[in-house]
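User: Hi! I am new to protein models and would like to learn how to read one, feature by feature. Could you guide me?

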Number of protein chains: 2
Amino acid sequence: MSKKKWRWGILSTANIGRTRFIPALQSIPDVEVVAVASRNLQKAEAFASECGIAEAYGSYQELMEHPDIDILYNPTPNYLHVSLSIKALEYGKHVLCEKPISVTARELDQLVQAQQQYPLTRVMEGFMYRFHPQWRYIHELIQDKKIGKITHIHAIFTYFNDDPADVRNQDNLGGGALLDIGCYCVDVAKMIFNGSPKSIQSYVEYDPIFSTDRLTTALLEFKEGIATLVCSTQTFSFQQVYIHGTKGRIEVNIPFNSASDEEPRSIRIVTKEGVLKKTFDQINAYVLMAQAMQQAIEKKHPLPITLQDSMETMAIIDRLLYPKNNGFGSYTP
Amino acid sequence: MSKKKWRWGILSTANIGRTRFIPALQSIPDVEVVAVASRNLQKAEAFASECGIAEAYGSYQELMEHPDIDILYNPTPNYLHVSLSIKALEYGKHVLCEKPISVTARELDQLVQAQQQYPLTRVMEGFMYRFHPQWRYIHELIQDKKIGKITHIHAIFTYFNDDPADVRNQDNLGGGALLDIGCYCVDVAKMIFNGSPKSIQSYVEYDPIFSTDRLTTALLEFKEGIATLVCSTQTFSFQQVYIHGTKGRIEVNIPFNSASDEEPRSIRIVTKEGVLKKTFDQINAYVLMAQAMQQAIEKKHPLPITLQDSMETMAIIDRLLYPKNNGFGSYTP
């Protein structure tokens, strides 16, 4: 490890930063969380005081111009992800951007171009769930053919929230089930099947008032098998990934949530030999994500989640959300 | 109850009869299993001796002509279901036909017409799972809005069997995942949403050697919500139904199998109040099905599963299997 201290700035007073990411950063020895910016100075100051952050700013611009910050964490509402991430690159700052990295693939393309223009500063989508060691373990099980050939994956992520004031229920701010939580289901299917789908079918139900997708179901055909995906913002909370193979299955009970303050995770592997429950040490996936990003930047290695990865995920989400009315859409490239 | 003894005949020496249905029938006081017929007399005799059945015949025709039989149980390979059931009606015998009642909706139409021609003898598809009391309990939970409004159902049924000699892997005998086990997934979605889907999308993967569907996934859009269905004959054994609502979910762990010789069933109801596990007394759903059918015939009531029900299920299966090549099919009536 370098002797360098990584200096982070936080864009916005989003709850995910306060409860999850900032405490994770502050637990890393070579990290200093320098400053937070909000469009409202009082909010920024209160947030800084609560989170133990030294500096607070009343505009994002001041954070961009801050001379002593290496990386920005961008947990703003989805519709601001791309524009603020591009601005950060222009100001010479790396960006860890919350998922989804954009609202459409077309919009993400602007960020890809900015990344090419500013290759020394780097941007990564914050799919922190990928950094939990359970996935490396699952990957090894699959490689070792523990459950035979994978035939089908089922990924579901739901919660209930019909508050019209919530950004997640505001279509023009990048709300909706697919962008908020469905992106996890898409990403995990791509990760397990190690590629992009050959064809897609979906049923999307839009909320008649919010115009956001409140229930999206999809079939993705990959080279190796099929994924069924379900996400909903108006269904009782649930998240699960089932990986089905010819000789067994893996049940992932907390596939997506961070579990820093929860009980250690476990997965179940069911085969003819019986049920094997594998428990993992308590671990903070946000810490692992931040460290992995810092290390890739320092060593000039590829980032653990590339913009190409993110572009493939957004292209799928685009297809699922099109056409923008209740009903089915299907797509074969 | 009437004093009458119900006299049953068994078509074929199928394993499901030997292990499941005949023992169930023989446990009912007002039932007598009179005879079994096979296309091979030796097989019929050995089967009769093993199962404690008095008479054995070397042709189906002899059972049709038997003067003392009220009801035939038809567990022949799928491609024989309709022709033998029609024959039984012609010979004045009621028929309980194993699922799926036919191979296509078009074929089932012949049976519907025969039923109209011979209204005094009745035919019913043997979806025995429906008679387990857990479904009545689940229906009441749904009616009472215990889990709010139902938004999504996921039904999966899989097993692994790549034996080319098995009828379930023979396309011309009515094999394949959808007809063998997917019909349960379709039926349960129709039962819970209480209707037929408005539109259907599917991905069907055919076995390159058997030409049977070995993995079928589908999205069914009902008036009230969406069902995702998965069935496979080349995936590790699993069966589960999840019923998701706005305020909770119901997990049905053994939705389809008969559990006469298994531990009592239980379902889990998960809501904000926590997890409620409901356990049911050990019960034989085959017994309840046979009794319900006998009672409907005796009282001239509608059968618990109507041919209209069966026709709707077969129409969905038709659509799922069409087109008959790997890939997607979609359908809106």
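Analyst: Happily; we will go through the chain interface, salt bridges, cysteines and two helix residues. This is a predicted model, where local features need pLDDT of at least 70 and side-chain atom pairs count only at pLDDT 80 or more, while totals for chains, interfaces and linings use all residues. Residues are numbered from 1 along each chain as its sequence is written, chains are lettered from A and ligands numbered from 1 in the order in which they are written, and side-chain values use heavy atoms, with hydrogens and water left out.

User: How many residues of chain B are in contact with chain A, and how much area do the two chains bury between them?

Analyst: The size of an interface is often given as the accessible area lost when the parts come together. Buried area is what two parts lose on being put together, found with a 1.4 Å probe and summed over both. Here chain B and chain A bury about 3,100 Å², 70% of it on carbon and sulfur atoms. Contact means heavy atoms within 4.5 Å, and 37 residues of chain B meet 37 residues of chain A in this way.

User: Which element gives the most to the side of chain B that touches chain A?

Analyst: Strand S11 of chain B does, with nine residues. Helices (H or I, at least four residues) and strands (E, at least two) are DSSP runs, numbered from the N terminus. That side of chain B divides into 14 nonpolar, 19 polar and four charged residues. Ala, Val, Leu, Ile, Met, Phe, Trp, Tyr, Cys and Pro count as nonpolar, Asp, Glu, Lys and Arg as charged, and the others, Gly among them, as polar.

User: How many salt bridges are there over all chains, and how many across the interface of chain B and chain A?

Analyst: Side chains of opposite charge can pair when their charged atoms come close. The rule asks for a side-chain nitrogen of Lys or Arg within 4 Å of a carboxyl oxygen of Asp or Glu. It gives 32 salt bridges over all chains, but zero across the interface of chain B and chain A. One of the pairs is A:Asp187 with A:Arg130, at 2.7 Å from N to O. This pair links distant parts of the chain, with A:Asp187 in helix H7 and A:Arg130 in the loop between strand S6 and helix H6, 57 residues apart. In chain B, B:Asp309 forms a salt bridge with B:Arg130 at 3.8 Å. A network of salt bridges links A:Lys99, A:Asp166, A:Arg168 and A:Asp180.

User: Why does A:Cys185 not bond to A:Cys231?

Analyst: A disulfide is a pair of cysteine sulfur atoms within 2.5 Å. The sulfur of A:Cys185 is 5.8 Å from that of A:Cys231, its closest cysteine sulfur, so the two are too far apart for a bond. Over all chains the count of disulfides is zero.

User: Is A:Leu179 buried or exposed, and what about A:Gln294, buried or exposed?

Analyst: Buried means under 20% relative accessible area, exposed over 50%, and partly exposed in between (1.4 Å probe, protein chains only). A:Leu179, in helix H7 of chain A, is buried at 4%. Leaving aside neighbours within four places in sequence, its contacts include A:Asn78, A:Ser102 and A:Met314. A:Gln294, in helix H8 of chain A, is buried because its relative accessibility is 2%. Not counting residues up to four places away in sequence, A:Gln294 touches A:Trp6, A:Trp8, A:Asp30, A:Val31 and A:Ile71.
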